[in-house]
Structure formats: structure tokens, C-alpha cells
Amino acid sequence: MLMTTSDPTFDADEARRARNRRIEAVARWAVPLAVVIATVFIWHWWSNSTPQRGMIFPEPLKVWHRFIKDNAMLFGSLMVTLRITFLALAIAIIGGVALAILFTQSRLAELIFFPYAVILQVTPIVSIAPLIFIYVQDPLARVLICAWIVAFFPILSNTTLGLKSTDSNLRDLYDIYGATWWQKLLFLKLPSASPYFLGGLQIAGGLALIGAIVAEYVAGISGSGSGLAFRILEASYRLNYPRMFAALLMIASVGVIIFAATSFLSWFFLRKWHESALRRET
Amino acid sequence: MTELSKRPIPPLGQRPRLLEMSDISKVFNGTVTALNGMNLTLNEGDFLSLLGPSGCGKSTALRLIAGLMRPTTGRITWNGKHDRGDIGVVFQEPTLMPWATVAKNVWLPFRLRGQSFASVQERIANALKLVGLEKFHDAYPRELSGGMKMRVSIARAFVTNPRLILMDEPFAALDEITRQKLNDDLLALQSKIGCTVIFVTHSVFESVFLSDRIVVMAARPGRVVQELTVDAPYPRDIAFRTSADYAAHTQVVSEALRRAIGDHADDHL
Ligand SMILES: Nc1ncnc2c1ncn2[C@@H]1O[C@H](COP(=O)(O)OP(=O)(O)O)[C@@H](O)[C@H]1O
Ligand SMILES: [Mg+2]
């Protein structure tokens with residue numbers, strides 16, 4: 001019989017699994033990092049491959065220099081976009097959760113409002129935005145409304161689903177102990193809806209950013225906004241391609257950060273008890 | 001008071017009445033007769049098992065007693081100063097809140113009465129000790145085995161020291177060894193506190209081991225077909241489980257159950 005490990009309690013199968021775990025631990029960071037670095041190199045090579053190409057497809061270094069040079073302006077725009085995104089997200093959370101609670105409380109309210117929620121959701125925001133811009137004059141409010149419309153639905157539908165899926169035995173138990181409406185909501189329904197809500201938040205966070213950007217685009221150069229999307233449009237009119245790239249990369253970074261932040265929130269609140277946040281050895 | 005108090009249990013026949021179900025019927029959707037003319041008297045200190053095939057209305061009877069629904073006809077009357085008063089419930093599933101620790105789960109009945117965790121901390125610790133889970137005070141339900149979760153559920157039902165505990169096939173989903181252990185522990189707990197228990201089961205053995213009264217029910221329509229008493233003294237232990245007395249009782253109860261099902265044997269074909 002041939003044993004490769006000296007430790008008799010650590011058989012070959014276990015050794016292989018331990019090795020896979022070690023590889024996974026490194027690869028989790030190394031692979032995405034390598035992909036990013038490779039992308040930058042290919043980008044650099046591509047934009048330098050012909051002299052003309054560099055004009056419309058600026059190399060990474062040029063984008064970087066532009067980013068440093070326009071730093072103040074770009075960060076000012078970033079703040080505008082962030083403000084709209086987070087305001088829209090906050091209103092979507094408050095409105096979505098409140099409406100979800102109303103829906104589970106009153107079937108009539110659900111029958112009345114749900115069609116509107118669906119219509120708003122399925123109609124592309126680019127087609128609604130021009131209308132909103134006709135009727136809403138305030139430059140912040142119009143963009144905010146667009147971002148809110150996009151971000152609101154996942155919160156509403158996920159939270160409604162979550163509130164409706166509380167364990168029926170637990171509901172009976174609360175009734176037997178004479179729980180009040182508020183107690184049921186705070187101690188039972190909201191906690192059991194929280195994984196659903198956090199899932200919705202993850203989607204809504206990304207959508208709020210998309211909504212904010214799209215609204216700025218539709219508002220166009222004539223709009224009074226000066227968010228990152230506005231900077232991209234403006235730079236494209238001025239043929240300032242490095243700045244377009246710099247603004248674009250900033251938007252992408254914001255999206256990544258929002259995703260990471262909402263993922264973290266989800267993990268943080270569910271880590272102790274919910275299946276989705278538990279690490280399982282395979 | 002941090003200790004669960006002990007009520008003395010008088011012998012069968014000398015117990016004050018706790019509740020009376022008279023001529024209770026429950027019809028669902030106007031078509032399904034879950035219970036038909038059920039009469040039942042429950043006395044303080046009874047360990048009463050509702051025994052019957054599935055679908056005979058055992059859970060329905062329990063839900064009526066718990067006040068979760070109203071009977072179609074008939075009345076349930078409670079004796080004593082409480083109308084329904086304190087009751088504890090244990091379902092077939094442990095029914096714990098997964099986001100709360102073991103101690104916070106046991107806190108629930110107090111919390112819903114507006115009592116802070118700090119003010120009942122000792123009683124919670126005490127109840128957990130009684131079910132052998134003092135080490136798992138701060139564990140989350142997912143870290144516990146099925147039997148341990150059920151113990152938490154039992155601790156939660158007992159922690160307020162209620163007069164009546166309702167248990168709906170609480171151990172049906174557990175393995176035989178765990179189930180016997182929990183049966184032993186449940187009896188010890190009940191005798192320590194002296195509360196009344198209604199225990200729903202479809203196991204003849206479980207009902208004979210645990211209870212001093214067995215109500216055999218039949219289905220279609222759900223009704224009481226026979227009432228039996230198990231006069232073996234408490235505490236009951238392994239010795240009782242292997243005794244001739246126990247065997248004799250299970251035979252009588254099995255026979256009663258067989259007749260109950262046999263009444264409508266054609267329904268089961
Ligand atoms: N909420 C309900 N709606 C309609 N029918 C029900 C409901 N609850 C129970 N029943 C029916 O009533 C009968 C008795 O059910 P149940 O009390 O759960 O029986 P057991 O607990 O003895 O298995 C069954 O036929 C069941 O289908
Ligand atoms: Mg049942």
C-alpha cells in the first residue's frame with residue numbers, strides 16, 4: 001500500500017482538498033488582478049498600434065494624466081452624480097419598504113398600486129425621462145425622479161416577497177402570545193424580510209447609478225446638471241477623448257464600489273444566521 | 001421569581017377543571033368537516049394525548065384551543081380567572097427565529113409582553129438549563145441539531161410558566177433515540193412545573209409513555225371515539241417503558257386506534 005502523506009489522519013483526498021483551498025485563497029485575488037493588468041496592457045498596445053488610433057483611443061497613461069489634470073472638475077461632477085444616486089436610493093428604500101409594508105397589510109392597496117409599479121418598471125427610463133423633463137423644472141428633482149423610478153422597483157418587489165414569506169408557524173406563535181401589529185412588524189416580518197430586502201438593495205444600488213447617468217444623458221448638454229455623464233457628453237463634443245475615458249472609469253468605479261458596499265452590508269447583517277452568508281466547505 | 005414555580009398535581013379524578021370543549025365542530029370552506037361534535041374536558045395537571053390518524057382534526061382542535069380560529073359551532077370555556085390565559089405552544093417544527101440567538105428566542109414570550117431581556121435574563125437561563133442547553137445561550141439556531149432546536153422550542157413554551165402547554169406532534173420529525181430522550185426530559189420538566197399538557201401525536205407508544213389521559217380520534221369527520229386513562233404512576237422511566245404494564249396499555253390503545261381507523265376502513269382503501 002502506498003501512502004503519500006505521513007499523517008495517517010490526513011488521507012490523499014483530504015490533502016487534495018486542502019491544496020484546492022489554498023489555491024482558491026490565492027486565486028480569488030490574483031486572477032481578477034491579473035485580468036485587470038492584462039487589460040491595461042492590451043489597451044496600451046492597441047492604442048499605440050497605429051499613430052491614428054491613439055487619437056481616438058487614448059492610451060491608459062494619457063487617460064491617467066487627464067484624470068490628474070481634471071481632478072477637481074471630475075470630482076466635483078462625481079459628487080453631483082453620487083448625490084443623485086444616493087438620494088434616489090434612499091428615497092427608493094424608504095418608499096419601497098413603506099409600500100411593501102402597505103401591500104402586505106392591505107390587499108386593496110396592492111391591487112391599486114401594483115400595476116403602476118409594474119408599468120414604471122417595464123417602461124424604459126429613457127422613454128419616460130423626456131416627459132419628466134417637460135413637467136419638472138427643478139434640475140435636481142428631474143434627475144432624481146428618473147433615478148428613483150429605476151431603483152425603486154427591486155426594493156418594492158423583493159421586500160414585498162420577503163414580508164409575505166414569514167414562517168406561518170411563527171406568525172401563529174406571535175398571535176398566540178398576543179403580539180401587536182408593531183411587534184409583528186418589527187420583531188418578525190422585517191427581520192425575516194431582511195435577506196430579500198438586502199438582495200433588492202444590491203440590485204437597486206446599481207440601478208440608481210444607471211438611472212442617474214441615463215437621466216443626465218437625456219437631460220443632455222442643455223441640462224444644467226454637471227454630473228459625470230454630463231462630463232462625458234461635454235468631452236465628446238470637444239473631442240476630449242482622454243477625459244471621456246477618465247469620467248467613464250470613474251462611473252465604473254462608483255458602480256463597483258456600490259456593489260461592493262451593498263454586498264458587504266448584506267454579508268454583515270446576514271453573516272450570523274442566513275444561508276446565503278454562510279461559508280460552506282466543499 | 002426566577003425559578004419556575006411548581007404546581008402540585010392531584011391524582012386523576014381530583015383535578016380542577018381547566019377547560020371544556022362542548023360540541024365543537026369546525027368546517028372549512030363549508031365542505032371539509034375537520035371536527036364534528038367534539039367534547040373534551042381538560043383538568044389542571046392532565047397530560048393528555050390526542051391520538052389519531054393524520055387528518056382527524058388533532059391540529060384543528062389545538063388551534064381552536066390556542067384561539068387561532070373560532071369553532072363553527074360549539075363553545076370552549078375556560079375555568080379560572082384567565083379567559084385563555086398563559087399558554088405555551090410547541091409545533092412540529094422548532095419554529096425558531098433564525099436571526100435571533102437561542103436566549104433571544106426564548107425571550108420572545110416576555111418580549112411580546114414588553115418585558116426587557118435584562119429583566120428576565122435569569123428565567124431564560126433557568127429554562128435553558130432545564131432543557132440542558134445552558135451552554136448554547138448565545139448560539140444561533142442553525143448551529144443546533146434538530147433535537148436541540150426542539151429543546152429551545154420547549155424552553156420557550158415553558159419559560160413563562162404557563163398553565164397550559166400545547167404540543168403538536170413535536171417529536172414526529174426526530175429520530176427514535178432523540179425522541180425517547182426528549183420524552184423523558186419532557187416528563188421531568190412537566191412534573192417539575194406541574195403544568196397541563198395537551199400532546200398531539202400519532203404514536204401509540206409515545207402517548208402511553210407520556211400521558212395519563214389518551215383521547216383517541218378518528219377521521220372523516222374528525223371526532224373523539226374513545227377516552228382512556230394510563231394510571232401508571234409518575235415519574236416514568238426506562239423501567240416503565242419495558243414493563244408489562246406499559247405493554248398492556250399500548251395493546252389497549254393500539255386496539256382502540258385500530259377500531260377508530262377501522263370504523264372507516266373503506267376510506268383508507
Ligand atoms: N385551514 C384549512 N383549510 C381547509 N382545510 C383544512 C384546514 N386545516 C385543516 N384542514 C382539513 O381538516 C382536516 C383535519 O386537519 P388537521 O386538524 O390538520 O388534522 P391532523 O392534525 O389530525 O392531521 C384535514 O382533512 C385537513 O385537510
Ligand atoms: Mg396535524
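A salt bridge is a side-chain nitrogen of Lys or Arg within 4 Å of a carboxyl oxygen of Asp or Glu. Keep it at hand for the exercises below.

The model is predicted, so local features need pLDDT of at least 70 and side-chain atom pairs count only at pLDDT 80 or more, whereas totals for chains, interfaces and linings use all residues. Residues are numbered from 1 along each chain as its sequence is written, chains are lettered from A and ligands numbered from 1 in the order in which they are written, and side-chain values use heavy atoms, with hydrogens and water left out.

**Exercise 1. Describe how chain B and chain A meet.**

Step 1: start with the residues. Chain B brings 22 residues to the contact and chain A brings 19, where contact means heavy atoms within 4.5 Å.

Step 2: look at the area. About 2000 Å² is buried between the two chains, with 67% given by carbon and sulfur atoms; buried area is the accessible area (1.4 Å probe) that two parts lose on being put together, summed over both. On the side of chain B, W99(B), L112(B) and R142(B) supply 35% of the area buried against chain A, more than any other three residues.

Step 3: find the charged pair. The rule gives 1 salt bridge across this interface: D172(A) and R63(B) join through their side chains, at 2.7 Å from N to O.

Step 4: name the elements. On chain B, two or more residues each come from α1 (58–66), β5, α2 (102–111) and α4. Helices (H or I, at least four residues) and strands (E, at least two) are DSSP runs, numbered from the N terminus.

**Exercise 2. Trace the open sheet of chain B and explain what happens at its edges.**

Step 1: read the order. The 6 strands run β5-β6-β7-β3-β8-β9, with mixed pairing; two strands pair if DSSP finds at least two bridges between them.

Step 2: go to the edges. β5 (87–90) and β9 (223–229) of chain B each have a single partner strand, so one side of each has no neighbour in the sheet.

Step 3: zoom in on one pair. β5(B) and β6(B), residues 164–168, are parallel over 4 bridges, and G88(B) has I165(B) as its bridge partner.

Step 4: add the helix. α4 (residues 146–158) of chain B lies across β5 and β6, at about 170° to β5(B). Axes here are lines fitted to C-alpha atoms, for helices over the stretch in contact, and angles run from 0 to 180 degrees between N-to-C directions.

**Exercise 3. Work out how the two domains of chain B touch.**

Step 1: set the bounds. Domain 1 covers 17–82 + 163–263 and domain 2 covers 99–162; such bounds come from an automatic or database domain assignment.

Step 2: quantify the interface. Here 16 residues of domain 1 are in contact with 11 residues of domain 2, and about 1200 Å² is buried between them, 77% of it from carbon and sulfur atoms.

Step 3: look for a salt bridge. The count is 1 between these domains; R151(B) pairs with D185(B), their closest N and O atoms being 2.9 Å apart.

Step 4: find the elements. On the domain 1 side, β6 and α5 (176–193) of chain B give two or more residues each, and α5(B) has the largest share, 8 residues.
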